[in-house]
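Biologist: I'd like to walk through this one with you, a bit at a time. Could you take my questions as they come?

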Amino acid sequence: MENQSGKLLGIVYFLLLSVQAITGVGCTRGASTKAVKLILPFNTSQSQGKASLSAGDQLRHAFINIQIPSRSLPLVQEFDFENNPIPWGSTVDLTVNDVPQGKGYLIQFLGVFSTIDGASYMLTYGDAAADIGSGQNLINITATAAGSASREGRIAGRYFNRTDNSNNPTGPTGTLIAYYIPDGKPKMALDKSSIIEGWFNIFALDTIPITYELVGDTNTILFSSLTLNSSLLASGPQLLHMQVPSFYRRNQRNSAVEVRRQVASDYYLGFLKDPSMSNLSLSTYKICYANDIQEGLQGWFGAYDGATDKFSAPIKYDSSSSGTSSDLKPVGGTAVSYSSWILNESCNADNSSSQLTYYHHRNKNGSDEFAGLRPPFRLIDPYSMYGGYLRKKYILGTNTIELKWKYLGGAAPAVSGTGLNGVDILMKNYNSGSTSTSTSNTSGDSTCANFLSQGYSVVATLTDGSDHYEYSEAGLSATNHFGYMFALCGYKTSSSNEKKYLGAAIRSDCSWQNCGEMDHFGWGITSATVSTSGSAESTLGVHSARVENVSVSNDLYTVLTLNGTAPSNFTSSDSGGEVMLLVVGEGSTGDCGTTQGQSLKPGIRAFTKILLTDGSYLKIPKGTFLDDINNNYLYASSSNSANFCYVTATKVPHFTTLTLGANLSVGGFNYSTNGGGIVPFRVSEQLTISSGVSMSAASLGFASGGSGNYAGAGHKKAPSSGNTVANSGGNTASGISGGGAGPFSLGGSGLNSLGNLNIGSGGGNAPLSPGGGLQFMFGGGGGGYGGSGGGIIFIAARYLTAGSNSTINVSGGNQISTGHGGGGGGTVLLMSDKADGSLSVLAKGGNSSTSNTSGQGGAGGGGLIYKLICSNNLSSFTTDVASGTGPAAAGSTLGASDGQVFDGSNVIGNNPACQN
């Protein structure tokens, strides 16, 4: 169920969570067990006043309960038809294996049907008495319509029904069975979940009652005939109600991608109590939510056009009174400002005794994610869009991985209480013969039994309530730690000292640069049109600043201090937006430090949320590479002899629709001020580039050497001598040096009559960074009076329409005067779900002289173009990453090299952006 909307089809999502958990309840396999084949015709007439089904309705899910005399729990079997739904009117054959022989059984069937438009669903019920013998057991059951529902819901939080030894309110620990009770028939088990110290996460329907029973030595009903209309769910400061309208989203099914309408739903988050606890007041308990932001939800849309296969009108979170019926709007809870939501200690995730927080931005990950709790655990990085419940970090220079997690209040293993008795840490090394090396999973829907059956093994058991663990293994290193995956499973010990896993397993979060933070089309809710030529700074709101210090003292966020000598152009209005963090340059390898065992080289990037800013700082979620940056050189100047590390922060604007009707450029990059040279933006619907319009960052990357500074800027210091290709930048102390080169394509060597100095040019970019992410690089600047390198353009737009002669250009500049180097090509990353029209993308290297005369500079290397278009209908897409022209005598070894075009189009199954 990873990365789903949280509702595959009404009730179905919640029921799928426990397929293996329920199967076999109360069943003992033995030699006397038999298979039972059920033949299920459906009665199309109305039953008990319930509306009938009709042509077009489809069976999505089915449950079989076999009630066996002398057993308290039925044998339960589930059947999932999500990938191959069965149309109404068909006869269905279902086989239940391992049924013990016996007499006087009652076999019950419950089917979940969806309507053709997906707006609602219906239940069908049937049963038959049967004796299970030694021969073939064929049983006919006629199912009739038994009820319908148009809304589903998720209820999460803490349920109090007792007090502990210190008279503090707490709740039960054990297994909850969800029952559907047919008219005049035995109750049917549908779902199994855990409740731990009162922490729970269950489902409910609007018109069909569900009863939840705590199973143990003495069975206790906690929620009787629960519906979304129950008085128990009355909103207040301690219980927040979020209504979600019906919406559309794209989901991947095996190798295919489908669009499905999701039924309307209700989310409840908060604190509930047993009616018998009349003396317990919940007045001090509260649920906090931000009341002053509007934000589109990734992948959730209120409209879909099947003829064009396009979405529009993203669903948005809007807690203000101006919101519409298609918005997510909270009822109840405690409204706080955005800044208080981030900073207020009484609302954040660490204060879990009497407060909880609603995380609107996490709805994209599933209906249980909004609560930030998966009993007995809670989110460890609540403000990160992609952060999970179990943080994994490699400890540099060791053979050790550190794991961290958080417990919900009272749920940690302890000597007293009814919470967990311990946790098992499971591990699997995907480096060892596994066909999968994915480390991007942040979900935890799988049970512990599933992980154990998939090759995970228990490597440690903790019983002291620890919230961290260090795993060490000979051979574990900086180059292979990505392949080690972990899961955490809480358990309760029975009276016979047997472990029983409770709650959902949580798996280690994704690796630092493989978290998918780049693969989305944004959460914009405003539209814009650029009708007059200008810069991205003035027309789109792009602005940059240099990061001069990083503080990681807070457990929830990281604080970045911005350039103090020049205005950053960030303002408080940027709080809640997105920022692109980029290592731009360094003096020597290692000056910027390392993260997860990998050197932080130029081109390393991360996209993350701006939690809060006033212009002088940015507060961002923990988990980016900046948590491990080397602060010593962040504000040092670039020169031939100095150590320095340059990290830039660039605002990423978000739009619903954007029309570029005039040329767009960007301010050139400058080491001394606030960066520049970068144009990043996202469009959640339509981006239109009008005919003849150019989007340019050409010659706006690293600068040329210029007067008195003969080395062109790049990612390393320039060599002061030697007949080699220049690969770095900064000032030079002696002679005329080469230009800066990116680490992918080489800048051409220059010719010098002295035979030991080159006037080279800038190069292009590295294709991939450690952990699988794309590196973003400026083109290096040409040596002496060479051309400046190309800049960086990042575009993520769901739909792209490009008019004739429209152009994106990040080419390097030609030499400014004879004898000097050309600039290197920059980087373009173009990501779109669907694209049409005609587009030309240029990332060429700049030219120098073609003369063989002594003192001529080298040519610029080509840049990098990365195209990812899930459904590519462009009639023309031309690219040019050729190197510039330079001295012929340089030869192929020391000459400039072409850049590269990476085409990732039409790879829907491998790219999350093609699915959201």
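**Starting at a histidine**

Biologist: Let's begin with His654. Which strand holds it?

Modeller: Keep in mind that this is a predicted model. The strand that holds His654 covers residues 654-655. That makes its place strand 49.

Biologist: Is His654 buried or exposed?

Modeller: A residue counts as buried when its relative accessible area is under 20%. For His654 the value is 13%, so the label that fits is buried.

Biologist: Which side chain joins that of His654 in a polar contact of 2.7 Å?

Modeller: Let's look around the histidine. Leaving aside neighbours within four places in sequence, His654 is in contact with several residues, including His520, Gly522 and Arg682. Its side chain also reaches a backbone atom, the nitrogen of Trp523, at 3.0 Å. The side chain that makes the 2.7 Å polar contact with His654 belongs to Glu578.

**A strand and its partners**

Biologist: How many of the nine residues of strand 42 are buried?

Modeller: Strand 42 covers residues 578-586. It is largely enclosed by the rest of the structure, because the number of its residues that are buried is nine of the nine.

Biologist: How many bridges join strand 42 to strand 48?

Modeller: Strand 48 covers residues 645-652, and it runs antiparallel to strand 42. One bridge to look for has Val579 with Lys651 of strand 48 as its partner. The number of bridges that join the two strands is eight.

Biologist: And which residue of strand 45 stands opposite Leu581?

Modeller: Strand 42 pairs with strand 45 too, in the antiparallel sense and over five bridges. Follow Leu581 across to strand 45, and the residue standing opposite is Ala606.

**Charged pairs**

Biologist: Now the charges. How many salt bridges does a search of the whole structure find?

Modeller: First, the idea: side chains of opposite charge can pair when their charged atoms come close. Searching the whole structure for such salt bridges gives 15.

Biologist: Asp127 and Lys185 meet in a salt bridge. How many residues apart in sequence are the parts that this pair ties together?

Modeller: The N to O distance in this salt bridge is 3.4 Å. Asp127 lies in strand 7 (residues 121-132), while Lys185 sits in the loop between strand 13 (174-180) and strand 14 (188-195). Lys185 counts as partly exposed, at 36% relative accessibility. The parts tied together are 58 residues apart in sequence.

Biologist: Arg151 forms a salt bridge with Asp266. Is Asp266 buried or exposed?

Modeller: The closest N and O atoms of Arg151 and Asp266 are 2.7 Å apart. Arg151 lies in strand 10 (residues 151-160) and Asp266 in strand 21 (residues 264-273), so the pair ties together parts 115 residues apart in sequence. Arg151 is partly exposed, with 23% relative accessible area. Asp266 has a relative accessibility of 3%, so it counts as buried.

Biologist: Which lysine meets Glu295 in a salt bridge?

Modeller: Glu295 is in strand 23 (residues 294-305), and its partner is 314 residues apart from it, in strand 45 (residues 605-609). Glu295 counts as buried, at 5% relative accessibility. At 2.9 Å, N to O, the partner that meets Glu295 is Lys609.

**The disulfides**

Biologist: How many disulfides are there?

Modeller: A disulfide is a covalent bond between the sulfur atoms of two cysteines. One such pair is Cys448 and Cys489, with sulfur atoms 2.1 Å apart. Another joins Cys592 to Cys645, S to S 2.0 Å. The count comes to two.

Biologist: Is the disulfide of Cys448 and Cys489 left-handed or right-handed?

Modeller: Cys448 lies in helix 4 (residues 448-453) and Cys489 in strand 36 (residues 484-493), so the pair ties together parts 41 residues apart in sequence. Both of these cysteines are buried. The torsion about their S-S bond is about -120°, so the disulfide is left-handed.

Biologist: And the disulfide of Cys592 and Cys645: left-handed or right-handed?

Modeller: Cys592 lies in the loop between strand 42 and strand 43 (594-595), and Cys645 lies in strand 48. Cys592 is buried, with a relative accessible area of 0%. Here the torsion about the S-S bond is about 110°, so the disulfide is right-handed.

Terms used:
Residues numbered from 1 in each chain as written. Predicted model: local features only at pLDDT ≥ 70, side-chain atom pairs only at ≥ 80, totals over all residues. Heavy atoms only, no water. Salt bridge = Lys/Arg side-chain N within 4 Å of Asp/Glu carboxyl O. Helix = DSSP H or I, 4+ residues; strand = E, 2+ residues; numbered from the N terminus. Buried < 20%, exposed > 50% of the residue type's maximum accessible area, 1.4 Å probe, protein only. Polar contact = N/O pair within 3.5 Å; in protein donor to acceptor, adjacent residues only side chain to side chain. Contact = heavy atoms within 4.5 Å. Pairing = 2+ DSSP bridges. Disulfide = S-S within 2.5 Å.
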